[in-house]
Amino acid sequence: MSNDNAIAQDVITGLQARWGKGIVTDARELEYFATDVYSQGQSLLAVLRPTDTQQLADAVKQLTDAGIAVVPRGGGMSYTGGYLAAHSPSVLVDTGALDKIVEINVEDAYVVVEAGVTWRALKEALDAKGVRTPYFGPMSGSHATVGGGMSQGAIFHGSARYGCSADVVLGLQVVTANGDILSTGSAAAANTTPFFRWYGPDLTGLFLGDCGLLGIKTRIVLKLIPKHAHIDYLSWQFQTAEGLFGALGVLSRNGLASETAAFDPALTNIRMRRASLSSDVKALTNVIKKGGLISGLKLAVKGRDIVDQQQFSLHITLEGDSAAEVADRVARARKLVEGFGESVEPSIPKMMAANPFAAWNSMLGPQGERWAPVHAIVPHSRSVAVFNALQALFAREQATMDAHGIFIGTLMSSVGAQAAVIEPCIYWPDSHNAFHLRTVDADHRERIGCPGEHLDARAAADNLKRQIADVMRRHGAANLQLGKFYDYRAGRDPAALAVLDAIKAQLDPKGLMNPGVLSR
């Protein structure tokens with residue numbers, strides 16, 4: 001054993017003596033934690049599961065003083081290498097045990113949570129108080145954590161109206177590589193509470209979307225709003241991408257929808273190849289609870305066969321504080337979209353609203369294929385051009401895709417008034433990794449099967465994933481979940497990079513906080 005390895009092992013042994021089960025060294029557990037939805041990183045020395053901030057800060061200082069890299073992890077739903085180790089030796093910090101909802105302050109309209117709280121757990125706690133966060137989580141919110149959503153960036157529930165995860169943050173508590181604990185927002189000043197983000201320069205924003213580059217978030221303060229009392233749903237189908245994106249843009253600019261989800265024909269076909277909704281008792285039960293027996297019966301009869309699978313489709317939710325407000329939003333949305341597409345039964349958005357965090361099994365395809373999404377966030381004016389450029393890429397690669405059993409379906413959405421989201425999802429036949437085996441329900445995996453290892457298909461899918469990202473970048477796309485995959489540094493303003501690098505050097509002089517992230 002080298003001297004460096006001996007020092008690293010001594011640090012872990014010392015932490016084990018104090019933390020007990022809070023230090024994980026079992027080989028099978030380390031393999032799981034070294035794997036995300038898409039790939040596997042370098043081997044881990046250990047996994048830390050802290051239960052309080054000071055405990056974590058002390059451990060981080062010990063580790064970095066010994067030259068050991070520290071990698072933060074939330075709920076594990078990354079598919080861009082966000083928490084995969086790129087340095088040896090590395091210790092991963094699993095924030096899952098930092099799972100307390102610290103304060104729900106309805107009067108001052110904020111909630112304080114620890115980083116390991118899942119979006120589903122937060123929603124359930126806030127539902128009991130009649131409040132919500134404006135953005136309230138990704139579709140994987142049963143597993144995805146609030147801290148992960150702040151580090152990687154996240155969208156979906158509430159995003160069409162209220163923006164992404166970063167748009168609802170008031171302040172943070174962060175542990176840096178030096179073992180310091182810092183607070184941002186109004187809570188950083190003496191004799192204040194975390195009720196306001198803006199108190200001088202926006203230090204909170206530095207740590208949002210940093211993918212763990214600058215520190216480990218341990219507490220997050222989020223805005224609260226009253227829960228909307230009324231909700232309705234609309235769906236349309238469109239013959240062309242131009243029609244779909246025209247409708248998505250006009251709805252976004254008018255701020256009518258809370259959530260938007262659109263599918264190209266290929267993704268609609270993939271959804272229909274999965275088990276029908278009529279066999280999903282939980283989905284039907286939740287729809288009946290929220291929308292009544294008639295909604296549930298329509299869903300049971302039609303299943304997912306609601307839109308023409310040769311057309312594009314768009315599904316939205318509309319919320320308000322009175323029936324009249326929602327009726328007005330529905331009427332305005334119908335009028336704005338009538339020139340773009342045809343209205344259809346809105347069973348899909350009803351199901352999505354009734355089961356907001358039911359996406360974890362979707363990380364495998366209808367016959368057990370592996371899955372990898374690549375997304376672009378673009379202004380509405382560029383959405384059609386980006387979509388068409390991607391279709392041209394897929395046409396050029398069709399022979400390769402056919403040879404390896406690769407297929408692609410595209411999800412579209414919107415964030416606030418300005419942005420459209422275009423997310424091609426790659427499916428290819430391949431074996432399931434340690435993360436899939438732990439996360440996807442066992443009965444679901446048994447039902448869909450596993451294609452087995454296909455290394456050539458995996459390599460072709462990886463090459464296609466990079467080509468998709470390159471096309472998006474050439475068209476000026478922004479991205480969330482940057483991790484160790486998306487370009488961040490390439491072509492960026494040198495003065496801006498110099499500021500970021502100076503901050504990194506101040507907070508992490510040895511470069512041991514999640515090495516390799518945001519490095520492209």
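Which residue stands opposite Asp94 in E4? I will come to that residue in a moment, but please keep in mind throughout that what we have in front of us is a predicted model. The residue is Arg73, which stands opposite Asp94 in E4, and that pair is a good place to enter the sheet.

Let me begin with the sheet as a whole. Strands of a sheet pair through backbone hydrogen bonds, either parallel or antiparallel. Here four strands form an open sheet in the order E1-E2-E4-E3, and the pairing is mixed. The edge strands are E1, residues 23-24, and E3, each of which pairs on one side only. Strand E3, residues 69-73, pairs with E4 in the parallel sense over five bridges, and along that pairing Ala69 has Ser90 as its bridge partner in E4. Strand E2, residues 46-48, also runs parallel to E4, and three bridges join the two; in this pairing Leu48 stands opposite Val93.

Now, what about strand E4 itself: is it buried or exposed? Five of the five residues of E4, which covers residues 90-94, are buried, and so the strand is largely enclosed by the rest of the structure. If you follow the side chains, Ser90, Leu92 and Asp94 point one way from the strand, whereas Val91 and Val93 point the other way, and all of them are buried. In the loop between E3 and E4 we find Pro89, and a cis peptide bond, with omega of about 0°, joins Ser88 to Pro89.

A second pairing to look at is that of strand E5, residues 101-105, with strand E6, residues 110-114, which is antiparallel and has four bridges. Ile101 has Val113 as its bridge partner in E6. The two strands form a hairpin with four residues between them, and in that turn sits Ala109, which has a positive phi of about 60° although it is not a glycine. Ala109 is partly exposed, its relative accessible area being 29%.

There is another residue of this kind to set beside Ala109. Cys211, also not a glycine, has a positive phi near 60°, and its place is in the loop between H7 and strand E10, residues 216-223. At a relative accessibility of 3%, however, Cys211 counts as buried.

Let us move on to the empty space. Rolling a probe the size of a water molecule over the atoms shows where empty space is left. The second largest pocket has a volume of about 540 Å³, and 26 residues line this pocket, with Gly205, Leu208, Gly209, Asp210 and Tyr488 lying nearest its centre. Two elements, helix H5 (146-152) and helix H7 (203-207), give two or more residues to the lining, and H5 gives the most, with three residues.

I would like to finish with a lysine. Where does Lys465 lie? It is in helix H18, which covers residues 455-474. Lys465 is buried yet has no salt bridge, and the nearest side chain of opposite charge, that of Asp462, is 5.5 Å away. A salt bridge needs the two charged groups to be within 4 Å, so the 5.5 Å to Asp462 is too far to count as one. Leaving aside residues up to four places away in sequence, Lys465 touches Tyr38, Tyr79, Val374, Ile426 and Phe485.

Key: Residues are numbered from 1 along each chain as its sequence is written. This is a predicted model: local features need pLDDT of at least 70, side-chain atom pairs count only at pLDDT 80 or more; totals for chains, interfaces and linings use all residues. Side-chain values use heavy atoms; hydrogens and water are left out. Buried means under 20% relative accessible area, exposed over 50%, partly exposed in between (1.4 Å probe, protein chains only). Lys and Arg count as positive and Asp and Glu as negative; His and the chain ends are not counted. Contact means heavy atoms within 4.5 Å. Two strands pair if DSSP finds at least two bridges between them. On a 1 Å grid over the protein atoms alone, a cavity is a set of points where a 1.4 Å probe fits but cannot get out, and a pocket is an open set with protein on both sides within 12 Å along at least five of seven lines; lining residues have an atom within 4 Å of a point. Grid points are joined across faces, edges and corners, and a volume is the space filled by probe spheres set on the points.
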